[in-house]
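Q: Please take a close look at the place where the two chains meet. I would like to know which parts build it and how the two sides relate.

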Number of protein chains: 2
Amino acid sequence: MSPAFQRVAFLGIGLIGSSLARAIRLQGLAGEIVVYDRSVAHAEQALALGVADRITEDAPSAVVGADLVIFAAPIGANEELAAAVGPHLAPGAIVSDVGSVKMAVIRDIGPHLPEGVHFVPAHPIAGTENSGPASGFAELFIGRWCIITPPPGTDEGAVERIAALWRAVGSDVELMEPGHHDRVLAITSHLPHLIAYTIVGTATDLESTLQQEVIKFSASGFRDFTRIASSDPVMWRDVFLNNREAVLDVLQRFSEDLTALQRAIRWGEGDQLFDLFSRTRAIRRSIIDAKQA
Amino acid sequence: MSPAFQRVAFLGIGLIGSSLARAIRLQGLAGEIVVYDRSVAHAEQALALGVADRITEDAPSAVVGADLVIFAAPIGANEELAAAVGPHLAPGAIVSDVGSVKMAVIRDIGPHLPEGVHFVPAHPIAGTENSGPASGFAELFIGRWCIITPPPGTDEGAVERIAALWRAVGSDVELMEPGHHDRVLAITSHLPHLIAYTIVGTATDLESTLQQEVIKFSASGFRDFTRIASSDPVMWRDVFLNNREAVLDVLQRFSEDLTALQRAIRWGEGDQLFDLFSRTRAIRRSIIDAKQA
């Protein structure tokens, strides 16, 4: 059987890109994997690890002759990359991505793609707190969701080929409207990361003896936040800058709720605290029931 | 060799109490374990599980003849328990506890103890999101810290016996001034729990279709918060009501930092986001180096 794609080009080869490249290779889904990364060191590492068959010094050279091109750099790099590679894309090629925000990706990449190239944005709900090509692994996507957000009018055959690719690497696929995706992820992912970065940042501002004790006794709750707050800084900067409205909206709700709790603590309103702490248990139960725990 | 204590009485037998009782039994540290719990069902469960040798219908009966009495109910119950058992404590007995706040425990229990009874407050930095006697296990404290916070003038021999008990069940012991303990834990434990409860609460207020999607895609960060936010509601209500000043102080710092981030997102100040997200990585590294990850 011939592979699903003759030549897959990755633009960016960090944790997610290199994991997908490994999984594609493991499943025999590509004839050849070509990698471009702005960091020459990362590209060379991908080559040495066997993640890439070939690396290129510029982005346009990577996409020439590719029937699948995957944008896997931090999303702030997309527009410049798309402008550079657009004129070099093969007719009929599929362009996809792995970004955590979808409206901005469509805004930045879409206009640079020539007629006859199909754009199928995708977002695998998977990751770790580690970064770089060496941190990737082929099993990352197994049993995880991949959300595909095709703009109206996207070629259905292209959508199906991307869906099949994600299923082949072990994921469950869900189709979603891009704006809705950004609102859901603002709650499930972007706000939690923002909160974790904030609380760990608050701790880094403490005087140093107290900070040493915070590290020593971090197992009491703080530790879980530090894992999230050690995710890639560039990736997350770009997420917040590119999903601004949805993030600010949920952040506003969160701040109101936190202020209400603060007031309940100040005035000793134990019933209000107990009511909230009881309600939140039910959500955990739902997550366990949905086998996402 | 005779056991370290002839009779150990537990007042409250939830996750922490039952774990400690199991560990004490496993290590042969007690001649007899007597349990009182306000919930008859929990006490009977402890008896059926073999965690208790004997259960009592009231707190005073549990402490009679005990050379070690451990308060292990939610800390809001301490004052009433201490007033009830105080007159029945054996001369020379040691009273200890496992509460997450130490100033309030000393305030609530201390005045009710007769002359000649030694009070050694303790706080094991260990736990899970589960509650009740069936959720306990003897290995919970292995490799974890236990902070002991004796008030000034506490008998040194009694402190050493409690320290030895915790070392025997696998913990590392640290002595700390009670007020300092409460400030450190406000940062490492109480604020993280408050934040987690808030963010999960914010999600429970969403319209129900969106809430279903939040559950479905919770693996993207939200999930980690729901685990923390499913901890025992009564225990945590009592923690916040009894460590009010320290919690409100760190909450104020956190809110200021969050507002600054909110502003940076609104105005597109990417450098400020990147700087914070880079700084927080260093703390994670310190926790890994301290073998607390």
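A: What follows describes the contact between the chains, then one helix within it. This is a predicted model, in which local features need pLDDT of at least 70 and side-chain atom pairs count only at pLDDT 80 or more, while totals for chains, interfaces and linings use all residues. Residues are numbered from 1 along each chain as its sequence is written, and chains are lettered from A and ligands numbered from 1 in the order in which they are written.

The contact takes 75 residues from chain A and 75 residues from chain B; two residues are in contact if their C-beta atoms, placed from the backbone, lie within 7 Å. On the side of chain A that touches chain B, the elements giving two or more residues are α7 (178-204), α8 (208-216), α9 (222-228), α10 (233-242), α11 (244-266) and α12 (270-289) of chain A. Helices here are DSSP runs (H or I, at least four residues), as strands are (E, at least two), numbered from the N terminus. The largest share of this side, 18 residues, comes from α7(A). By residue type, the side divides into 42 nonpolar, 19 polar and 14 charged. Ala, Val, Leu, Ile, Met, Phe, Trp, Tyr, Cys and Pro count as nonpolar, Asp, Glu, Lys and Arg as charged, and the others, Gly among them, as polar.

Chain A is superposed on chain B by a rotation of 180° with 0.0 Å of shift along its axis (RMSD 0.0 Å). The two copies are thus related as by a two-fold rotation axis. Such copies are superposed by least squares on the C-alpha atoms of residues with pLDDT of at least 70 in both. Of the residues of chain A, A:Asp224 comes closest to the rotation axis, with its C-alpha at 3.6 Å. The copies meet through the same surface, because 100% of the interface residues of chain A are also interface residues in chain B.

Now to α7 in chain B. Of its 27 residues, 24 are buried, so the helix is mostly covered; a residue is buried if 20 or more other C-beta atoms, placed from the backbone, lie within 10 Å of its own, exposed if 12 or fewer, and partly exposed in between. A kink of about 55° in α7(B) is centred on B:Ala186, the bend at a residue being the angle between axes fitted to the seven residues ending there and the seven starting there.

In α8(B), the buried residues are B:Glu213, B:Val214 and B:Ile215. They pack against α7 and α12 of chain A together with α7 and α9 of chain B.
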